Amino acid sequence: MHTVELLEQALSVAEKLGYQVRQEWLDGSGGVCEFGGRKWLFVDLSLTAVEQLDQVVEALRDDPRIHTASIPVWLRRKTGVRKAA
């Protein structure tokens, strides 16, 4: 699967976890923040697709809800999440 497709899948998982996703030109920054009672994921369009994917994976890795979410196998491996028994 191509990186862009993986990125789209990862963004979909983030949205299912309740993140408001914004993809904008951020000059090398981005990540997760919370304001207005919502979690926001800012993805930097100035980065390559691989780097954007890494941003999203890092955000998901740090979210405890990822352990109970239904996610693709590749994302489970990349985030280090073990399948629940």
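Which residue takes a positive phi in the hairpin of E2 and E3? In this predicted model, the residue is Gly-36, with phi near 65 degrees, in a hairpin that has two residues between the strands. Strand E2 covers residues 31-35 and strand E3 residues 38-44; the two run antiparallel and are joined by five bridges. At the hairpin, Phe-35 stands opposite Arg-38 of E3.

The hairpin belongs to an open sheet of three strands, ordered E1-E3-E2. Pairing in this sheet is mixed: E2 and E3 are antiparallel, whereas E1 and E3 pair in the parallel sense, again over five bridges. E1 and E2 stand at the edges and have a single partner strand each, so one side of each is left without a neighbour in the sheet. On average, and with direction ignored, neighbouring strands are turned by 25 degrees against each other. Within the parallel pair, Val-21 has Leu-41 of E3 as its bridge partner. Helix H1 packs on the sheet, where it touches E1 and E3, and its direction makes about 140 degrees with that of E1.

A second helix also meets the sheet. Helix H2 lies across E1, E2 and E3, and runs at about 160 degrees to E3. The 13 residues of H2 reach 18 Å from the first C-alpha to the last, which is close to the 18 Å expected at 1.5 Å a residue. Which residues of H2 are buried? They are Gln-52, Leu-53, Gln-55, Val-56, Val-57, Ala-59 and Leu-60. The packing partners of these buried residues are H1, strand E1 (20-24), E2, E3 and H3.

Two of the buried H2 residues, Val-56 and Leu-60, reappear in the largest nonpolar core. This core has 21 residues, and those touching the most other members are Leu-41, Val-56 and Leu-60. Helix H1 (3-16), E3, helix H2 (49-61) and helix H3 (73-79) are the elements that give two or more residues to the core. H1 provides the largest share, six residues. In general, nonpolar side chains tend to be buried together in soluble globular proteins. Leu-60 offers a good view of the packing here: leaving aside neighbours within four places in sequence, Leu-60 is in contact with Ala-10, Val-13, Ala-14, Leu-17, Tyr-19, Ile-66, Leu-75 and Thr-79. Leu-41, another of the residues touching the most other core members, is also the bridge partner of Val-21.

Charged side chains add further links. The count of salt bridges comes to four, and three of them are described here. Lys-78 and Asp-54 meet through their side chains at 3.9 Å, N to O. Lys-78 lies in helix H3 and Asp-54 in helix H2, so this pair ties together parts that are 24 residues apart in sequence. Both partners are partly exposed, Lys-78 with a relative accessibility of 36% and Asp-54 with a relative accessible area of 38%.

Another salt bridge lies within H2. Here the side chains of Glu-58 and Arg-61 meet at 2.6 Å, N to O. The two residues are three apart in the helix, and therefore separated by about one helical turn. Glu-58 is partly exposed at 38% relative accessibility, and Arg-61 is likewise partly exposed at 35%.

How far apart are the closest N and O atoms of Arg-65 and Asp-63? In this salt bridge the distance is 2.7 Å. Arg-65 is partly exposed, at 33% relative accessibility. Asp-63, by contrast, has a relative accessibility of 2% and counts as buried, because the cut-off for a buried residue is under 20%.

The loop between E1 and E2 deserves a final look, as it holds Asp-27. Phi of Asp-27 is near 55 degrees, a positive value in a residue other than glycine. Is this residue of the loop buried or exposed? Asp-27 has 74% relative accessibility and so counts as exposed, the cut-off being over 50%. The model thus shows positive phi values both at Gly-36, in the hairpin of E2 and E3, and at Asp-27, in the loop between E1 and E2.

Note on methods. Residues are numbered from 1 along each chain as its sequence is written. This is a predicted model: local features need pLDDT of at least 70, side-chain atom pairs count only at pLDDT 80 or more; totals for chains, interfaces and linings use all residues. Side-chain values use heavy atoms; hydrogens and water are left out. Two strands pair if DSSP finds at least two bridges between them. Helices (H or I, at least four residues) and strands (E, at least two) are DSSP runs, numbered from the N terminus. A nonpolar core is a set of buried Ala, Val, Leu, Ile, Met, Phe, Trp, Tyr and Cys residues joined through side-chain atoms within 4.5 Å. Buried means under 20% relative accessible area, exposed over 50%, partly exposed in between (1.4 Å probe, protein chains only). Contact means heavy atoms within 4.5 Å. The expected span of a helix is 1.5 Å times one less than its number of residues. Axes are lines fitted to C-alpha atoms, for helices over the stretch in contact, and angles run from 0 to 180 degrees between N-to-C directions.
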